[in-house]
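Notebook open, coffee poured. I want to look up a few contacts here, from whole chains down to pairs of helices.

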Amino acid sequence: MNGTVEESTAEQEPETSKRSGRKGGNSLTKREGRAAYLFLAPWFIGMAVITIGPILGSLYLSFTDYSLLQPPEWVGLDNFERMLNDDRLHSAIVVTVTYVFVSVPLQLALALALAFFLDRGVRGLPIYRSIYYLPSLLGSSVAIAILWRQIFGTEGLINQLLDVVGIQGEGWVSHPDYALSTLIVLNVWTFGSPMVIFLAGLRQIPTMYYEAAEVDGAGPWTRFFRITIPLLTPIIFFNLVLQLIGAFQTFTQAFIVSGGTGGPADSTLFYTLYVYQRGFGSFEMGYASALAWFLLVVIAAFTAINFLAAKRWVHYGD
Amino acid sequence: MATSLDRLPDDAAKAVDDSSTGGPRRNGRRRRIYKHVLLIVFGFAMLYPLLWMLSSSVKPSDVIFREPSLIPSAFDFSNYTEGWNALARPFHHYLFNSLIIVVASVIGNLITCSMAAYAFARLQFRGKKWFFAAMLATIMLPIHVVIVPQYILFNELDWINTYYPLIVPKFLATDAFFIFLMVQFIRGLPRELDDAARIDGCGHFRIYARVIMPLCVPALATTAIFTFIWVWNDFYSQLIFLTDPDLYTVPVALRTFVDSQGESAWGPLFAMSIVALGPIFGFFLAGQRYLVRGIATTGIK
């Protein structure tokens, strides 16, 4: 008992007064460091084997030709040259970029509007919040993708409803002009999770500011654009980064709705779906790795641009 | 002061336009009712596809295409029995497979992510700042970049068509999102608790296990629920690592179902989709408090 007490008081020392007892302090920091590395051991292994190793592995593979059967063969920049002339890749990029830049702003605008609408004083807020949040949890599942395929099918729910008002609808998912829109709708439908984040952010804005503005005669629109939006910019930024990264990686919905083909006419050939087709459909692992690395670079670039641009429009308090 | 404080959080917008027409009271009340009507109508529209799928799952297949209404004219549970036996194995086989992976993933994430989070939140060690930054960066890492080498690795280990590629990473704290979530949570706990425990002679492991973890229950619950939902929904890695139909999980089995039956069997397809969504819905109802809090704490410091 005595021993442990002494030991633990000694352990206190480096934290409270770093300068005294240097030798003891060192061994104690060392011990704390050792404990930390033990706690982090699984994470270190995972980082090395599951994350960093494969990142470097795919970088290497992107300069090779590899089909799993023979050892990888170094081909230099061939894969990247092939990317320049790959028409399906180009349409996949167009599809993905369209999807990301149409669906994310719509989704965030809806999330923000509803969060603002729900904020403060709506009775039953938790119930509304839950109802609106539910689609976010389900949105990426195969079951919902199946539902979407039916809803926007030739004989689907949408066309039944249109039929009631006398309009003859298209087979939305099987029409090259509309198939992508159905997936955009699906992403907008999952606005609930950014909305919950907005709600939490709105709650942190002190009512004091609104009071002061009201005293100064500011109307509701002025208050919204001069107080709410500026104070919420860090949250808007956070949501934007998160949703952009997520949208770039959309896979399941496009895979199920198009039956794995990215059709009709490659109109739902998402970038990730194309990577899957090359890598695991025809086992062109080298080319798939080059494609995947390009995706990584693009996502990193967009995130970096986001962070740089954020300096101009995101206001961090104090 | 007090009155303005009361009114403001309620409906700041009201105060100004109320003066124009009628009494402020009545007008405000009508406004509030409009607001609720709008919110309810919108919520109903959001949920309509789900409710419609639920009701269609008990309609005979030929009626699904003619009836947009939510209340089925006749209840018919044959879709469920038909769907349950439509694939090579009865559907509970796939449910059980999914359950194995999900339960193992939850256990793995709870143990290893909380350990890493404790180290990041409470301990000093060399390189902490860099490791922490690396951990945050992996949250944003697309799985598509690492999946090919992972596949090659697991193939070398003869792990393709086993559950190891899906489970083992969870025991290596690879879901950095949850580490971040728990770091945020642990940082909010008073350090005096650790210090008191240390004075009582506790080492780091006991502080972690006896002091920090019991206080982390909300964060652990969030982690467990999110892990459950994400792994249950996960399609991509299960599609890639599992090609033996006996090992299929619910999402992969559903995909086979939709590909083999196509447009002809919407009833049974919907029935099995409802079965697949059931557990998520259950967890959502049971744990929505933790879900909402979890999103909020990771979103805002």
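How many residues of domain 1 of chain B are in contact with domain 2 of chain B? I should jot down that this is a predicted model before going further.

**Entry 1: the two domains of chain B**

The assignment splits chain B into domain 1 (2-82) and domain 2 (85-299). I get twelve residues of domain 1 of chain B in contact with ten residues of domain 2 of chain B. I then checked where the domain 1 side comes from. Helix H3 (24-56), helix H4 (61-64) and helix H5 (78-84) of chain B each give at least two residues to it. The largest share is that of H5(B), with four residues. By class, I note five nonpolar, five polar and two charged residues on this side of domain 1 of chain B.

**Entry 2: chain B against chain A**

Next I looked up the contact between the chains. Here 73 residues of chain B touch 84 residues of chain A. Which helix of chain B supplies the largest share of the side that touches chain A? That is helix H16 (residues 266-299) of chain B, with twelve residues. The chain B side breaks down into 50 nonpolar, 15 polar and eight charged residues.

**Entry 3: H5 and H12 of chain A**

Now for helix pairs. In chain A, helix H5 (residues 87-118) packs on helix H12 (residues 220-248) at an angle of about 145 degrees, and their axes are 10 Å apart. I have the crossing of H5(A) and H12(A) down as right-handed. From H5(A), the contact residues are A:Thr96, A:Tyr99, A:Val100, A:Ser103, A:Val104, A:Gln107, A:Leu108 and A:Phe116. H12(A) answers with A:Thr228, A:Asn239, A:Leu240, A:Gln243, A:Leu244, A:Ala247 and A:Phe248. I find nine nonpolar and six polar residues in this contact of H5(A) with H12(A), and no charged ones.

**Entry 4: H6 and H10 of chain A**

For helix H6 (residues 125-138) and helix H10 (residues 192-203) of chain A, I read a packing angle of about 135 degrees, with the axes 7 Å apart. H6(A) and H10(A) are therefore oblique to each other. On H6(A), I list A:Arg129, A:Tyr132, A:Tyr133, A:Leu134, A:Pro135 and A:Ser136 as making the contact. Their partners on H10(A) are A:Gly192, A:Ser193, A:Met195, A:Val196 and A:Leu199. The tally for H6(A) with H10(A) is seven nonpolar, three polar and one charged.

Note on methods. Residues are numbered from 1 along each chain as its sequence is written. Chains are lettered from A and ligands numbered from 1 in the order in which they are written. This is a predicted model: local features need pLDDT of at least 70, side-chain atom pairs count only at pLDDT 80 or more; totals for chains, interfaces and linings use all residues. Axes are lines fitted to C-alpha atoms, for helices over the stretch in contact, and angles run from 0 to 180 degrees between N-to-C directions. A crossing is left-handed if the near helix is turned anticlockwise from the far one by less than a right angle, and right-handed if clockwise. Two residues are in contact if their C-beta atoms, placed from the backbone, lie within 7 Å. Ala, Val, Leu, Ile, Met, Phe, Trp, Tyr, Cys and Pro count as nonpolar, Asp, Glu, Lys and Arg as charged, and the others, Gly among them, as polar. Domain bounds come from an automatic or database domain assignment. Angles under 35 degrees count as roughly parallel, over 145 as roughly antiparallel, 65 to 115 as roughly perpendicular and the rest as oblique.
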